[in-house]
Amino acid sequence: MPRHPRFRRTLLCAATAAALTGGLLTAAAGTASAAPSGLAGDFNGDGYRDLAISAPAATVGGKEWAGHVAVVHGSATGLAPARRTVISQNSPGIPGSAETDDQFGHKVAAADLNRDGYSDLIVTAPNEDTEQGDDAGTVVVVWGSASGLSGGTTIKNPLALHGSYFGLSLAAGDFTGDGKPDLAIGAQGDSGNPPFKIRLIRGPFAKSGTTGSVTSYASPLEWPGLTAGRINGDGKADLVVTGNKPESDDLGPAVYYQGTSSGLSKGAALRPGSVAAIGDLDGDGYGDIALGNAEEPEHEPSGSTGGEVSVVHGTSTGPSATRRTTLTQNSAGVPGVSEHGDAFGAAVAIGDLDKDGRADLSVGVPGETIGGEPDGLYGAGTITVLRGSTTGLSTSGALLLSQDSPGVPGSAESIDGFGSQLFASDVDRDGRADLSAVASQENDDAGGLWHLPGAAGTLYSTTGSTSFGPGALGLSTAYSAFGSELAG
């Protein structure tokens with residue numbers, strides 16, 4: 001069964017996939033708290049957010065590109081690789097079985113779907129073959145509990161067809177404001193231009209498979225990416241859709257959808273971007289939108305040499321029509337210089353790293369050469385961190401992080417791709433967001449993950465950072481697209 005190229009656009013190298021012969025691998029999860037924390041991403045309820053790390057190209061039971069997801073538990077000292085769970089479709093209680101090209105872990109999200117106080121993990125496998133046809137796709141909920149993630153339930157595909165790729169994109173949030181988390185799931189439909197759909201499946205969700213009502217929306221863009229966050233301050237999650245123009249390889253303007261009690265309402269068009277993040281950069285109570293566009297102008301008309309990030313500020317009525325800024329590495333105060341292939345904006349994450357009440361923006365630059373041309377470390381990769389301020393995103397005091405930065409484990413090497421994926425969440429429960437960063441091609445394409453704790457003033461701690469790869473989780477170090485998606 002062929003893999004659609006769009007499902008591999010963020011994977012920088014094709015190689016033999018990782019081998020995993022077991023199903024569910026679980027280390028001691030520690031003692032859970034008496035009552036679940038209710039935190040997003042806290043799968044065992046102990047009060048610390050955990051991190052799900054997908055590897056959709058992993059070999060499972062001899063099946064290439066079957067995919068699995070590793071969940072590393074959080075603790076007072078950060079991520080604890082010794083306390084992990086690895087989930088595949090060969091794991092006990094998980095629906096289906098690992099098959100070649102399923103790509104289990106293509107997208108992941110975290111939300112308490114059954115409202116029991118434990119966060120649940122949602123995993124997609126868009127190339128899953130079902131009774132309805134090849135590549136119909138599937139979405140599975142793995143349930144949180146006091147002992148961690150255990151057992152799974154399939155989310156019914158509202159229109160299961162050959163090639164529907166149900167689960168090609170995913171976002172979780174309470175879009176209707178009724179206190180019950182919902183799922184927005186991308187799929188290919190049977191008609192329309194573009195022929196892609198966004199299914200809004202409302203909560204509550206039950207282990208029996210029942211859900212709330214389902215509404216289908218025609219996607220404004222092809223191969224849509226979905227990002228959820230609260231933008232207009234009304235307490236409901238909103239949705240940002242990224243993707244390609246209809247019948248084109250060019251990125252289209254991202255589209256804002258407002259969450260309402262009756263579902264999603266299409267709103268303003270934004271700048272083009274292939275990735276998005278939402279958070280309050282100026283502390284005014286409204287979520288701001290960062291859109292990353294790492295494409296070069298000769299391939300993408302909306303792009304800038306070396307890549308760009310556009311920021312759209314939120315207001316009570318949604319995205320501002322006037323407070324919009326586009327930054328490149330040539331912008332004043334932004335570290336570095338815009339150079340072909342830098343991929344500035346390949347990943348974006350928003351979180352309050354220094355606990356000052358304003359979120360900060362982290363930008364992945366995985367193609368950055370360290371040391372300059374022609375003898376530098378080509379494609380070693382860096383991360384740019386820009387501070388939030390009362391007036392919005394500031395370039396004053398911006399940070400440039402690499403594996404050669406003080407306190408960051410490892411050393412920069414060519415083609416590491418450091419910064420290829422980013423995720424911000426408070427793992428150690430100190431009130432500051434911590435940055436999880438992936439180097440997609442670390443150690444001969446095995447991939448690696450860095451935990452960079454947030455810190456007052458300096459934005460990240462030079463003493464508490466750690467890193468690990470699939471080997472530290474008991475997994476094969478062959479290529480598996482380790483860290484291509486993060487959630488928690």
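The paragraphs below walk through a predicted model, beginning with its strands and sheets and going on to its cores and salt bridges.

Because the model is predicted, local features are given only where pLDDT is at least 70 and side-chain atom pairs count only at pLDDT 80 or more, while totals for chains, interfaces and linings use all residues. Residues are numbered from 1 along each chain as its sequence is written, and side-chain values use heavy atoms, with hydrogens and water left out.

A good place to start is strand 5, which covers residues 68-75; here a strand is a DSSP run of E with at least two residues, numbered from the N terminus. Of its 8 residues, 8 are buried, so strand 5 is largely enclosed by the rest of the structure, where buried means under 20% relative accessible area, exposed means over 50%, and partly exposed lies in between, computed with a 1.4 Å probe on protein chains only. Strand 5 pairs in the antiparallel sense with strand 3 (residues 51-55) over 5 bridges, and two strands are said to pair if DSSP finds at least two bridges between them. Within this pairing, isoleucine 53 stands opposite alanine 70 of strand 5. Strand 5 also pairs with strand 6 (residues 78-87), again in the antiparallel sense, over 7 bridges, and glycine 74 stands opposite leucine 79 there. The connection between strand 5 and strand 6 is a hairpin through 2 residues. As general background, the side chains of a regular strand alternate between the two faces of the sheet.

Further along the chain comes an open sheet of 4 strands in the order 7-8-9-10, with antiparallel pairing. Its edges are formed by strand 7 (108-111) and strand 10 (152-155), each of which pairs on one side only. From one strand to the next, the twist averages 25°, an angle taken between axes that are lines fitted to C-alpha atoms, on a scale from 0 to 180 degrees between N-to-C directions. Inside this sheet, strand 8 (residues 120-125) and strand 9 (residues 138-142) are joined by 5 bridges in the antiparallel sense, and alanine 125 stands opposite threonine 138 of strand 9.

Another open sheet of 4 strands has the order 15-16-17-18 and antiparallel pairing. Strand 15 (222-229) and strand 18 (263-272) stand at its edges with a single partner strand each, so one side of each has no neighbour in the sheet. Neighbouring strands here are turned against each other by 25° on average, with direction ignored. Between them, strand 16 (residues 238-244) and strand 17 (residues 253-260) run antiparallel and are joined by 3 bridges, and the bridge partner of leucine 239 in strand 17 is tyrosine 257.

The next topic is the interior. The largest nonpolar core has 19 residues, among which Ile383, Val385, Leu422 and Trp450 touch the most other members; such a core is a set of buried Ala, Val, Leu, Ile, Met, Phe, Trp, Tyr and Cys residues joined through side-chain atoms within 4.5 Å. The elements giving two or more residues to this core include strand 25 (382-387), strand 27 (418-425) and strand 29 (448-452). Apart from this core lies another one of 16 residues, among them Phe43, Val69, Ile94 and Val108. Returning to tryptophan 450, its contacts (heavy atoms within 4.5 Å) include Val408, Pro409, Phe418 and Leu435, not counting residues up to four places away in sequence.

Charged side chains provide the last part of the picture. The structure has 7 salt bridges, each being a side-chain nitrogen of Lys or Arg within 4 Å of a carboxyl oxygen of Asp or Glu. In one of them, arginine 323 meets aspartate 282, with the closest N and O atoms 3.1 Å apart. Arginine 323 belongs to strand 22 (residues 318-327), whereas aspartate 282 sits in the loop between strand 19 (275-279) and strand 20 (288-293), and the two are 41 residues apart. Arginine 323 is partly exposed at 32% relative accessible area, while aspartate 282 is buried at 6%. Arginine 387 forms a salt bridge with aspartate 354 at 3.8 Å between the closest N and O atoms. Since arginine 387 lies in strand 25 and aspartate 354 in the loop between strand 23 and strand 24 (360-365), the pair ties together parts that are 33 residues apart in sequence. Here arginine 387 is partly exposed at 21% relative accessibility, and aspartate 354 is buried at 10%.
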